Amino acid sequence: MSEDRKVDVPHDYDGIEELDNDLPRWWLGIFWVTTLFAVFYWPYYHWINPQKLPEAAWKAENAAREAERAAAPAETTESLDLDARYAAGGWEETGKTVFDTYCVPCHAADGGGGIGPNLTDDYYIHGGTLANIHQVISDGVVEKGMMSWKPVLKPDDLDAVAFFIRSLRGTTPASGIAPQGELVDESGQFVTQE
Amino acid sequence: MSLERFSYDDAIVRKFIWASVVWGAVGMLVGVIIAMQLADWHLNFGTSWLTFGRLRPLHTNAVIFAFAGNAFFAGIYYSTQRLLKARMFSDGLSKLHFWGWQAIIVAAAITLPLGLSTAKEYAELEWPIDIAIAVVWVIFAINFFGTIAKRRERHLYVAIWFYIATVITVAILHIFNSLAIPVGLFKSYSVYAGVQDALVQWWYGHNAVAFFLTTPFLGLMYYFMPKAADGPIYSYRLSIIHFWSLIFLYIWTGPHHLLYTSLPDWAQTVGMLFSLMLIAPSWGGMINGLLTLRGGWDKLRQDPILKFMVVAITFYGMSTFEGPMLSIKSLNKLSHYTDWTISHVHGGALGWVGFLSFGCIYWMLPRLYRTKLYSEKLANMHFWLGLVGILIYMIAMYISGITQGLMWLDFDDQGYLVYPNFVETVVNLIPFYYLRALGGALYLIGAFIMVFNMVKTAKSATDLSDQTAEAPARKTDPLVGKFHMRLEGAPLMFTVGVTVAVLIGGILEIVPMLAIESNVPSISSVKPYSPLELIGRDIYIREGCNNCHSQMVRPIRAETERYGEYSKAGEFVYDHPFLWGSKRTGPDLHRVGGRYPNLWHLRHMEDPRTVVAGSIMPNYAWLLQADTDYSDIQDVVSAMTKLGVPYNETDIRQAEANARAQAAAIGQDLAQSGAQDMADKEISALIAYLQRLGTDIKE
């Protein structure tokens with residue numbers, strides 16, 4: 001302690017003494033490093049690498065992820081038509097899982113509807129073919145509050161839940177809500193009533 | 001040299017100490033309650049007064065302004081008199097300060113659960129209380145500077161520098177952040193909108209941390225640490241450098257609360273860089289505090305007071321390192337809106353502010369009652385319970401925060417979100433919410449033990465008269481020494497210097513944001529809210545929805561996939577106040593407009609679990625029962641025009657009719673969807689607001 005330098009002006013700070021040691025070097029080091037970092041970071045980030053700014057970085061990230069999606073194993077959707085795959089089966093388990101996770105809050109566990117329409121009856125607002133159902137799920141019907149599920153569901157899952165929903169038609173829910181939309185025929189086409 | 005005899009006002013110190021611990025216990029108890037509410041939503045009790053959204057501001061205001069505020073007032077009144085060798089300027093002002101402050105706290109405790117809130121964090125209190133705060137603060141300032149004026153010790157010790165910075169800066173922050181136009185006695189609207197309001201709010205918010213929870217406590221540390229350790233301060237020159245750099249740099253750092261938001265990039269970078277530069281100035285205080293104990297570390301083993309203080313300073317060092325790290329944009333991307341922030345602030349609050357206050361109170365108490373502390377054993381028990389409590393709390397929140405942050409950002413190898421369902425990322429956190437409540441409860445039990453110990457100590461008081469002292473009159477010969485040494489003898493110059501130092505950062509950040517239009521690029525499709533949407537927005541604020549939901553989609557793919565288009569500055573130009581939020585206990589709501597049918601919202605507000613299994617949100621059933629109050633809407637629209645929102649005369653005159661018509665349409669839609677027509681209930685106004693959110697740019 002003998003090396004400590006003291007403040008040599010007479011004060012009375014209620015008996016508190018102050019030494020006057022040099023600033024610790026490592027402390028000064030932190031101060032200089034952070035300050036220099038600040039000085040160099042600004043031009044590095046804002047002028048030399050503007051592609052790192054949030055909006056540009058977001059665009060780049062988007063492009064990279066879209067590329068990942070595109071590179072994923074080719075989807076079968078295009079090559080095989082929906083009706084054939086519906087008939088072939090194999091989607092039941094996935095379809096139910098997706099339905100239970102995302103659709104139940106509005107359409108009820110048995111498809112009887114609630115906030116959203118009843119999925120078990122023969123009446124459809126946007127048509128009852130597999131293609132119609134698939135499109136409503138995929139793109140949503142924003143003005144009616146049906147959200148687009150394309151960003152959330154992978155293509156296979158989206159197909160599976162469309163099939164599952166198609167399979168609900170004709171079942172008997174515990175307490176279904178009243179039909180909405182128009183009557184469709186067996187294939188799901190609107191029955192035109194003149 | 002003839003000595004003057006005088007006495008110190010110790011009664012006022014005792015008052016502030018008791019206020020601090022009593023309010024502290026209440027504030028911490030509310031903290032444990034709201035922690036449990038997140039673990040189990042039933043504990044919101046189905047009543048509006050006790051929901052998380054209303055109690056959370058009560059918790060933060062109580063622990064910041066009532067517990068910490070009263071604690072440092074006690075410490076300042078005790079140490080200032082002794083460092084300046086003078087009794088406080090006016091006993092009357094001291095009492096006014098004390099009772100005025102307690103009245104403000106009572107007003108806060110009543111109004112916040114009633115939902116009277118401005119929605120601005122740590123500044124939720126409505127305008128009449130804001131004015132009272134300003135008045136009481138000025139009373140404190142007059143009393144404090146008056147004492148400096150009549151001081152006998154000519155030079156100002158470093159503790160006093162920090163007190164000066166506190167008194168000046170808190171006044172500036174409070175006044176400029178609280179500027180608002182009132183509508184009636186209980187409601188006001190921030191004069192700033194959107195991005196500008198956000199910047200001013202976090203300039204205030206972060207510097208409330210700086211100048212309400214840091215500088216006053218650094219001042220206390222400089223007085224009570226050498227007293228308790230019976231050692232000298234390590235370095236006077238370090239205290240000069242770290243004082244001026246700390247107060248100058250701190251003011252700039254507010255934007256680090258707004259990284260990746262619609263705040264212009266330049267301001268975000270300023271916030272990040274100044275936060276990093278703040279490490280050294282903060283650590284200067286830590287070094288000076290800890291090295292006071294040089295050569296006396298063995299005292300730590302016996303003395304609970306030193307234990308509290310040393311652990312407090314250690315937490316200060318950790319928090320002031322973690323803060324800058326969290327200000328780094330790439331880390332903030334992960335941590336922001338999660339419990340990591342909660343962990344960070346509680347390290348500072350429970351560790352630094354709490355433990356330093358406890359240490360100072362244990363030190364002052366026997367001296368104020370001229371007796372011995374009732375039980376050192378209980379003080380030790382308080383220390384260990386508190387420390388274990390903090391560690392459990394912080395570790396639980398680290399795990400919870402990092403877990404959720406990673407889940408939000410997680411993509412699978414096909415480029416899809418792994419957890420697209422927000423609630424999936426919530427249900428995982430429940431065990432940690434229980435653990436956090438346990439940590440908080442241990443800390444609270446420790447505080448109760450302290451109160452018991454204090455009561456017992458006070459009962460054994462031998463003499464409550466004011467302590468007397470002697471000192472020579474203040475010298476008047478010319479000041480000598482180096483520049484700073486002379487400055488310490490010139491309080492007016494010193495105060496001017498402090499004021500300039502703290503104003504520079506604020507002015508250079510905020511003025512360009514208010515004055516230069518390119519900082520908030522306008523979007524022509526963004527229109528003012530309809531009258532009913534304004535009513536709904538006020539309900540959103542009343543219920544404190546912003547405490548759990550952000551309205552700020554960041555330009556990060558995980559967010560644009562989850563929520564939709566990222567938020568643009570121009571979308572918020574009519575938002576008085578801004579409602580970006582700082583925490584996502586629930587999902588972001590900026591793009592919720594049009595996402596669900598009206599009926600979904602009705603069911604969701606009535607009981608969230610009917611549409612979102614596993615949700616931890618409280619039921620808001622009263623919104624389906626209470627009638628919408630249209631009585632103020634014309635005044636509200638009119639107030640908005642004064643703030644620059646372009647409504648015309650007809651809009652104002654027909655505000656109520658418009659609101660009722662829009663409500664009728666929502667009610668009709670609900671009825672058609674198979675629910676009751678709720679046109680005249682508050683739920684319709686809230687639905688109107690929620691359905692409008694973030695939709696203007698879609699046109």
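## The surroundings of B:Trp101

Once its neighbours within four places in sequence are set aside, B:Trp101 is in contact with B:Phe65, B:Asn70, B:Phe73, B:Leu96, B:Ile133, B:Val136, B:Trp137 and B:Phe212. These contacts, like everything else described here, are read from a predicted model.

## Nonpolar cores

B:Trp101 also belongs to the largest nonpolar core, a set of 189 residues in which B:Trp101, B:Trp352, B:Phe355 and B:Met364 have the most contacts. Helix H2 of chain B, covering residues 52-84, gives this core its largest share, namely 17 residues. Apart from this core lies another one, made up of 54 residues, among them B:Cys545, B:Leu579, B:Met617 and B:Met678. As a general background, nonpolar side chains tend to be buried together in soluble globular proteins.

## A buried histidine in a loop

B:His336 is found in the loop that runs between helix H13 (329-335) and helix H14 (339-369) of chain B. Because its relative accessibility is 8%, and buried means under 20%, B:His336 counts as buried. Leaving aside neighbours within four places in sequence, the residues in contact with B:His336 are B:His257, B:Trp408, B:Arg554 and B:Ser582.

## Helix H19 of chain B

Helix H19 of chain B comprises 25 residues, from 491 to 515, and reaches 34 Å between its first and last C-alpha, which is close to the 36 Å expected at 1.5 Å a residue. The helix H19(B) nevertheless bends by about 30 degrees, at B:Ile507.

The buried residues of H19(B) are B:Pro491, B:Phe494, B:Thr495, B:Val498, B:Ala501, B:Val502, B:Gly505, B:Gly506, B:Glu509, B:Ile510 and B:Met513. An α-helix has 3.6 residues a turn, so residues three or four places apart point the same way. The cover over the buried residues of H19(B) includes helices H4 (127-149), H5 (158-178), H6 (194-213), H8 (236-250), H9 (265-277) and H18 (483-487), which belong to chain B.

## Chain A as a whole

Chain A contains six helices and two strands, and from the N terminus on its elements follow the order α-α-α-α-β-α-α-β. Its radius of gyration is 33 Å, whereas a compact globule of 194 residues would have one near 16 Å, and the C-alpha trace of chain A spans about 105 × 45 × 35 Å along its principal axes.

Of the 194 residues in chain A, 39% are buried. Among contacts in chain A with a separation of 6 or more, 57% are between residues 24 or more positions apart. The exposed area of chain A is about 11,100 Å², of which carbon and sulfur atoms supply 58%.

Note on methods:
Residues numbered from 1 in each chain as written. Chains lettered and ligands numbered in written order. Predicted model: local features only at pLDDT ≥ 70, side-chain atom pairs only at ≥ 80, totals over all residues. Heavy atoms only, no water. Helix = DSSP H or I, 4+ residues; strand = E, 2+ residues; numbered from the N terminus. Expected span 1.5 Å × (residues − 1). Bend = angle between axes of the 7 residues up to and from the residue. Buried < 20%, exposed > 50% of the residue type's maximum accessible area, 1.4 Å probe, protein only. Contact = heavy atoms within 4.5 Å. Rg over C-alpha atoms; globule rule 2.2 N^0.38 Å. Areas by Shrake-Rupley, 256 points an atom, 1.4 Å probe, with all protein chains shown as cover. Core = buried A, V, L, I, M, F, W, Y, C linked by side-chain atoms within 4.5 Å.
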